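These are notes on the model you sent, set out as numbered points. They take up the contacts with the nucleic acid, the relation between the protein copies, and the enclosed space.

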Number of protein chains: 2
Amino acid sequence: MATASRQEILQAVLELFRECGYEGTSMAMISERTKLGKASLYHHFPGGKEQMRDELVKLLGDWFRPRLEQLKDDATPPRGRVKVFISELDSFFEGGQRGCLFAALAVGPAENGCRIELKDLMNLWISALAELAEKSGVPANDAQTRAEDCVAQLEGALLVSRIVGDKSIFKRALRQAPDMLFGSSRQLES
Amino acid sequence: MATASRQEILQAVLELFRECGYEGTSMAMISERTKLGKASLYHHFPGGKEQMRDELVKLLGDWFRPRLEQLKDDATPPRGRVKVFISELDSFFEGGQRGCLFAALAVGPAENGCRIELKDLMNLWISALAELAEKSGVPANDAQTRAEDCVAQLEGALLVSRIVGDKSIFKRALRQAPDMLFGSSRQLES
DNA sequence: GTCTATATAATGATAGAC
DNA sequence: GTCTATCATTATATAGAC
C-alpha cells in the first residue's frame, strides 16, 4: 500500500507541470508518479487537477512574497540583497533546464483561473526589483523598465536554456541580473 | 457547406497553439475555429494534430531561415540589417501579447517529436545574430553570448508581456535588441 | 472535399470495500 | 487513507454517404 503526504504529491505535480504543462499532465501521470491511485489523489484534492494547480500557484506566491519582502530590508546594501535573492532563484529554478511554473501556466485558454494570480505575482516581483533599483539611485522610470527587462531576461533565458539544452544561458542571466538593475552602463530609452 | 484551404486551417491552428498550447488545443476546437468537420480536417491532415504541429514547425523554419540568411548579406550595414529583421519580428509576433510557437511547443513530454527542430532553429537564430555581431567588431566569445542573451530577452519579454498584459515590454525588447548585440556599453563576463 | 455517424481510447471523476 | 472498479465525458480517429 503506497502512501504520500499532500506536500509530496504537490511536489510531484509541480515537476510534471513544469515539464509537461497543465494540459499535458493527466491524473494518470500524477497517479503513476506518486504511486497513488487516482481515488487517493481525489481524496487529498477533491477539486482534482485544478485544485492542485491553484495550490501550487499559492505555494509559488508563498515562496516569492517573503523573499521579495526581504529585498526591501534596508539593513544590508542593495547589491548584497539582490545577490542573495539571485542565488535563491538559482536553486528555485534548479539551475535552469527544468522549466518555469509561470511559463507552464501561461499557456492555455484564458479562462485559466490562475492567470490573475500569476499576473499579480509577477508584477510584485517586478516592482520589488524596481523599488530596489530606485533606492540605489536609479531614476524611477528607468528603475521600472530595468526590473521588467531583468525578469524578462531571466524567464527568457530559462526558456532558451531549455530549448537549446544549455543551462549556461540561464546561469549567465542570473549573474548579469545585478548589472541589469544597477549598472551605470545601461542604454537609456531614447 | 464550409470550405477552407490547407493554409487557412494551419493559420487557425497556429493561433490556437499560440494561445492554448499543443495539448490545450483539441481537434474539436480546431473544427469550431475553421468551421470544418473533424473528418475534413483529417482529410487534409491524415496525421491529425501531430502533423499540423510538424507542418507549423516547418513553416516557422520557412519564415526564419531566409530572414536569417538576409542578415548575412553584406550589402547593407549590420545595424540596418538588424533593424529590418527586428521590425519583421515585430509583425511576426504581432507586437507581443499573443504568445510564441517556440514557447508553446517547449512544454510537453520530451518525446515531443518537434523538439529537435525547435532546438536547431533557435540555434540557427542565435548563430545568425552572433555572426552579425562578430562582423561588427564584437569579439567572437562575446558575440555568441550577446546573441543568446538577445534571443532570451525577446522570448522572455514576450512571456512577461503576455502574463502582465503589457506589450510595451516586448516593444522595448525589440528596440533594445541592436544595442544588446552591438552596444559598447555592455558588461563583459568576469 | 465536406458531411453525419460512429468506433475506440483516454480523460476527469466517483462509489464503495477495506 | 488507499484501493479496485466503474462512470460519464471528451479525445483522437475512421467509415461511408453525398
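**Notes on the protein–DNA model**

1. A side-chain N or O atom of A:Y42 sits 3.1 Å from a phosphate oxygen of DNA strand C. The model is a predicted one, and the distances below should be read with that in mind. Chain B also reaches the phosphates of this strand: a polar side-chain atom of B:H44 is 2.5 Å from a phosphate oxygen of DNA strand C, and for an N or O atom in the side chain of B:S40 the distance to a phosphate oxygen is 3.3 Å.

2. Which residues come nearest to DNA strand C? There are 19 residues around the strand, and A:M27, A:Y42, B:G37, B:A39 and B:H44 are the nearest of them. A:Y42 and B:H44 are thus named both here and among the phosphate contacts of point 1, A:Y42 at 3.1 Å and B:H44 at 2.5 Å.

3. The surface near DNA strand C draws at least two residues from each of α3 and α4 (48-70) of chain A and α3 of chain B. The largest share, four residues, is that of α3(B). By class, this surface holds eight nonpolar, eight polar and three charged residues. On the DNA side, sugar or phosphate accounts for 61% of the atoms of strand C within 4 Å of the protein, and bases for the rest.

4. DNA strand D is surrounded by 19 residues, with A:G37, A:A39, A:H44, B:K38 and B:Y42 the closest. Here the side chain of A:H44 places an N or O atom 2.5 Å from a phosphate oxygen. B:Y42 has a polar side-chain atom 3.1 Å from a phosphate oxygen of strand D. A backbone contact can be added for this strand: a polar backbone atom of A:A4 is 3.1 Å from a phosphate oxygen.

5. Which elements supply the surface near DNA strand D? At least two residues each come from α3 (38-44) of chain A and from α3 (38-44) and α4 (48-70) of chain B. The largest share is the four residues of α3(A). The class count for this surface is eight nonpolar, eight polar and three charged. Of the strand D atoms within 4 Å of the protein, 58% are sugar or phosphate and the rest belong to bases.

6. How are the two protein copies related? A turn of 180 degrees with a shift of 0.0 Å along the axis lays chain A on chain B, with an RMSD of 0.0 Å. The copies are therefore related as by a two-fold rotation axis. Within chain A, the C-alpha nearest that axis belongs to A:G156, at 1.7 Å.

7. The interface fits this picture. Of the interface residues of chain A, 100% are also interface residues in chain B, so the two copies meet through the same surface.

8. As for the fold, chain A has nine helices and zero strands. Along the principal axes, its C-alpha atoms fill a box of roughly 60 × 35 × 30 Å.

9. The enclosed space deserves a separate point. There are four cavities of 30 Å³ or more, and the second largest holds about 270 Å³. Its lining has 24 residues, of which A:A103, A:L159, B:A103, B:A104 and B:L159 are closest to the centre. Two or more lining residues come from each of α6 (101-106) and α8 (140-164) of chain A and α6 (101-106) and α8 (140-164) of chain B. By class, the lining of this cavity comprises 14 nonpolar, four polar and six charged residues.

Conventions
Residues are numbered from 1 along each chain as its sequence is written. Chains are lettered from A and ligands numbered from 1 in the order in which they are written. This is a predicted model: local features need pLDDT of at least 70, side-chain atom pairs count only at pLDDT 80 or more; totals for chains, interfaces and linings use all residues. Side-chain values use heavy atoms; hydrogens and water are left out. A residue is near a molecule or strand if one of its heavy atoms lies within 4 Å of it. A polar contact is a pair of N or O atoms within 3.5 Å; within protein, one must be able to donate a hydrogen and the other to accept it, and residues adjacent in sequence count only if both atoms are side-chain atoms. Ala, Val, Leu, Ile, Met, Phe, Trp, Tyr, Cys and Pro count as nonpolar, Asp, Glu, Lys and Arg as charged, and the others, Gly among them, as polar. Copies are superposed by least squares on the C-alpha atoms of residues with pLDDT of at least 70 in both. Contact means heavy atoms within 4.5 Å. On a 1 Å grid over the protein atoms alone, a cavity is a set of points where a 1.4 Å probe fits but cannot get out, and a pocket is an open set with protein on both sides within 12 Å along at least five of seven lines; lining residues have an atom within 4 Å of a point. Grid points are joined across faces, edges and corners, and a volume is the space filled by probe spheres set on the points.
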